[in-house]
Amino acid sequence: MACALTSDYSYVGCKGGAGGIRRVLITEYANVNKTSTVIASGVITTLSMVSTKEFREYLLDKEMGMFTDNMAQTLANGTITYTPVVDFTIKGLSTSIIQELKLVSQNTLMMIVEDETGAYWMFGYGRGMDLLTASKESGTALGDFRGQKLHFEGKESEPIYGVSSGIISALLSPAA
(Lines give C-alpha, C1' and ligand atoms only; values in the text may rest on other atoms or scores of the structure.)
Protein backbone atom coordinates (compact mmCIF):
# COMPACT_ATOMS: atom_id res chain seq x y z
CA MET A 1 0.00 0.00 0.00
CA ALA A 2 1.51 3.35 -1.06
CA CYS A 3 0.00 5.35 1.82
CA ALA A 4 0.75 2.99 4.71
CA LEU A 5 1.02 4.65 8.12
CA THR A 6 4.53 4.72 9.56
CA SER A 7 4.48 6.04 13.14
CA ASP A 8 2.58 6.49 16.38
CA TYR A 9 2.05 9.58 18.56
CA SER A 10 1.94 9.74 22.31
CA TYR A 11 1.75 12.85 24.49
CA VAL A 12 4.48 12.30 27.06
CA GLY A 13 3.40 15.04 29.45
CA CYS A 14 6.39 17.35 28.99
CA LYS A 15 5.59 21.03 29.07
CA GLY A 16 7.24 23.62 26.86
CA GLY A 17 7.30 24.34 23.18
CA ALA A 18 6.43 28.04 23.29
CA GLY A 19 4.48 29.44 20.36
CA GLY A 20 5.44 32.30 18.08
CA ILE A 21 8.22 33.04 15.62
CA ARG A 22 11.62 34.73 16.04
CA ARG A 23 12.48 35.70 12.49
CA VAL A 24 11.42 35.39 8.89
CA LEU A 25 13.76 34.96 5.92
CA ILE A 26 12.37 36.09 2.56
CA THR A 27 13.59 35.79 -1.03
CA GLU A 28 12.04 35.95 -4.46
CA TYR A 29 10.80 32.54 -5.62
CA ALA A 30 13.05 32.70 -8.72
CA ASN A 31 16.17 33.12 -6.54
CA VAL A 32 16.19 29.46 -5.42
CA ASN A 33 17.78 26.81 -7.63
CA LYS A 34 15.28 24.03 -7.00
CA THR A 35 17.09 21.47 -9.19
CA SER A 36 19.82 21.10 -6.55
CA THR A 37 17.54 21.06 -3.50
CA VAL A 38 17.73 17.95 -1.33
CA ILE A 39 14.67 17.01 0.75
CA ALA A 40 15.00 13.99 3.07
CA SER A 41 12.09 12.81 5.25
CA GLY A 42 10.35 16.19 4.96
CA VAL A 43 13.44 18.28 5.78
CA ILE A 44 15.34 20.49 3.32
CA THR A 45 19.01 19.64 3.88
CA THR A 46 20.44 21.41 0.81
CA LEU A 47 19.11 24.60 -0.78
CA SER A 48 21.06 26.48 -3.45
CA MET A 49 20.55 30.08 -4.47
CA VAL A 50 20.98 31.60 -7.92
CA SER A 51 24.31 33.47 -8.18
CA THR A 52 24.40 36.78 -6.19
CA LYS A 53 20.98 36.08 -4.58
CA GLU A 54 20.19 35.64 -0.88
CA PHE A 55 17.41 35.57 1.69
CA ARG A 56 16.56 38.83 3.50
CA GLU A 57 16.17 38.64 7.28
CA TYR A 58 13.30 40.13 9.29
CA LEU A 59 14.03 39.92 13.02
CA LEU A 60 10.86 40.07 15.10
CA ASP A 61 10.18 41.27 18.61
CA LYS A 62 8.59 38.85 21.09
CA GLU A 63 5.11 37.63 20.25
CA MET A 64 4.89 39.51 16.96
CA GLY A 65 4.38 36.65 14.49
CA MET A 66 2.77 33.27 13.84
CA PHE A 67 2.22 30.71 11.11
CA THR A 68 -0.27 28.02 10.16
CA ASP A 69 -0.34 25.31 7.49
CA ASN A 70 -3.95 24.27 6.99
CA MET A 71 -4.82 21.05 5.15
CA ALA A 72 -8.11 20.60 3.28
CA GLN A 73 -9.35 17.49 1.53
CA THR A 74 -11.94 17.50 -1.25
CA LEU A 75 -13.57 14.08 -1.02
CA ALA A 76 -15.38 14.35 -4.35
CA ASN A 77 -12.10 14.94 -6.19
CA GLY A 78 -9.77 12.93 -3.96
CA THR A 79 -7.44 15.93 -3.60
CA ILE A 80 -5.56 17.36 -0.64
CA THR A 81 -4.29 20.94 -0.57
CA TYR A 82 -2.40 23.00 2.00
CA THR A 83 -2.73 26.72 2.69
CA PRO A 84 0.41 28.00 4.41
CA VAL A 85 -0.01 31.35 6.19
CA VAL A 86 2.63 33.59 7.79
CA ASP A 87 1.57 36.69 9.74
CA PHE A 88 3.96 39.08 11.43
CA THR A 89 4.20 42.64 12.65
CA ILE A 90 6.98 45.16 12.10
CA LYS A 91 7.24 47.86 14.74
CA GLY A 92 7.71 51.43 13.54
CA LEU A 93 7.00 53.21 10.27
CA SER A 94 9.67 54.43 7.87
CA THR A 95 9.74 55.32 4.21
CA SER A 96 12.47 52.76 3.53
CA ILE A 97 10.55 49.80 4.98
CA ILE A 98 7.34 50.92 3.23
CA GLN A 99 9.20 50.94 -0.09
CA GLU A 100 10.83 47.56 0.61
CA LEU A 101 7.47 46.01 1.45
CA LYS A 102 6.09 47.39 -1.82
CA LEU A 103 8.78 45.31 -3.57
CA VAL A 104 7.89 42.29 -1.40
CA SER A 105 4.24 42.65 -2.45
CA GLN A 106 5.20 42.66 -6.14
CA ASN A 107 6.99 39.29 -5.94
CA THR A 108 6.15 35.65 -5.45
CA LEU A 109 8.25 34.56 -2.49
CA MET A 110 9.84 31.70 -0.59
CA MET A 111 9.97 32.17 3.16
CA ILE A 112 11.83 30.39 5.94
CA VAL A 113 10.42 30.92 9.43
CA GLU A 114 12.36 30.30 12.64
CA ASP A 115 9.93 29.45 15.42
CA GLU A 116 10.46 30.03 19.15
CA THR A 117 11.93 26.55 19.60
CA GLY A 118 14.68 27.31 17.05
CA ALA A 119 13.18 25.06 14.36
CA TYR A 120 13.10 26.30 10.75
CA TRP A 121 10.17 25.85 8.34
CA MET A 122 9.95 26.46 4.56
CA PHE A 123 6.86 28.21 3.20
CA GLY A 124 6.08 28.46 -0.52
CA TYR A 125 8.57 25.89 -1.77
CA GLY A 126 6.22 24.42 -4.38
CA ARG A 127 4.24 27.41 -5.65
CA GLY A 128 5.39 30.42 -3.65
CA MET A 129 3.91 32.79 -1.07
CA ASP A 130 2.28 36.16 -1.66
CA LEU A 131 1.89 39.20 0.57
CA LEU A 132 -1.91 39.51 0.49
CA THR A 133 -2.46 42.32 2.98
CA ALA A 134 -0.28 44.89 4.71
CA SER A 135 -1.66 47.57 7.00
CA LYS A 136 0.21 50.62 8.22
CA GLU A 137 -0.98 51.83 11.62
CA SER A 138 -0.15 54.98 13.57
CA GLY A 139 -2.16 54.19 16.69
CA THR A 140 -4.24 56.75 18.56
CA ALA A 141 -2.83 56.99 22.07
CA LEU A 142 0.87 57.48 22.83
CA GLY A 143 1.14 53.87 24.01
CA ASP A 144 -0.58 52.34 20.94
CA PHE A 145 1.07 50.13 18.33
CA ARG A 146 2.79 51.97 15.46
CA GLY A 147 3.96 49.85 12.55
CA GLN A 148 2.88 47.37 9.89
CA LYS A 149 0.95 44.12 10.03
CA LEU A 150 1.71 41.67 7.19
CA HIS A 151 -0.29 38.64 6.00
CA PHE A 152 1.26 36.13 3.55
CA GLU A 153 -0.49 33.10 2.00
CA GLY A 154 0.27 30.30 -0.40
CA LYS A 155 -1.46 27.26 -1.89
CA GLU A 156 0.49 24.00 -2.03
CA SER A 157 0.08 20.30 -2.79
CA GLU A 158 2.55 19.37 -0.02
CA PRO A 159 2.76 20.43 3.65
CA ILE A 160 5.51 22.79 4.81
CA TYR A 161 9.01 21.33 5.00
CA GLY A 162 11.45 21.56 7.87
CA VAL A 163 14.77 23.24 7.05
CA SER A 164 18.11 22.06 8.44
CA SER A 165 19.59 24.76 10.69
CA GLY A 166 23.03 24.03 9.21
CA ILE A 167 22.17 25.68 5.89
CA ILE A 168 20.69 28.95 7.21
CA SER A 169 23.86 31.09 7.47
CA ALA A 170 24.81 30.38 3.84
CA LEU A 171 21.36 31.52 2.68
CA LEU A 172 21.88 34.94 4.27
CA SER A 173 24.93 35.77 2.12
CA PRO A 174 24.96 36.36 -1.64
CA ALA A 175 25.46 33.07 -3.46
CA ALA A 176 28.64 32.70 -5.49
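On the outward side of helix H1 from its buried residues, Thr95 and Ser96 are exposed (over 50% relative accessible area, 1.4 Å probe, protein chains only; buried is under 20%, partly exposed in between). This is a predicted model, in which local features need pLDDT of at least 70, side-chain atom pairs count only at pLDDT 80 or more, and totals for chains, interfaces and linings use all residues. Residues are numbered from 1 along each chain as its sequence is written, and side-chain values use heavy atoms, without hydrogens and water.

**Helix H1**
- Ile97, Leu101 and Val104 are buried in H1 (helices are DSSP runs of H or I, at least four residues; strands are runs of E, at least two; both are numbered from the N terminus).
- Those buried residues line one face of the helix, because they fall within an arc of 45° seen down its axis (taken from the directions from the axis to the C-beta atoms).
- They pack against S4, S6 (79–91), S7 (109–115), S9 (129–137) and S10 (147–154), with contact meaning heavy atoms within 4.5 Å.

**Aromatic pairs**
- The structure holds five aromatic pairs (ring centres of Phe, Tyr and Trp, its six-membered ring, within 6.5 Å; planes under 30 degrees apart are stacked, over 60 edge-to-face, the rest tilted).
- Phe67 and Trp121 form a tilted pair, 6.4 Å centre to centre with 50° between the planes.
- This pair links S5 (residues 65–74) and S8 (residues 120–123), with its members 54 residues apart.
- Phe67 is partly exposed at 23%, and Trp121 is partly exposed at 27%.
- Tyr58, Phe88 and Phe152 form one aromatic cluster.
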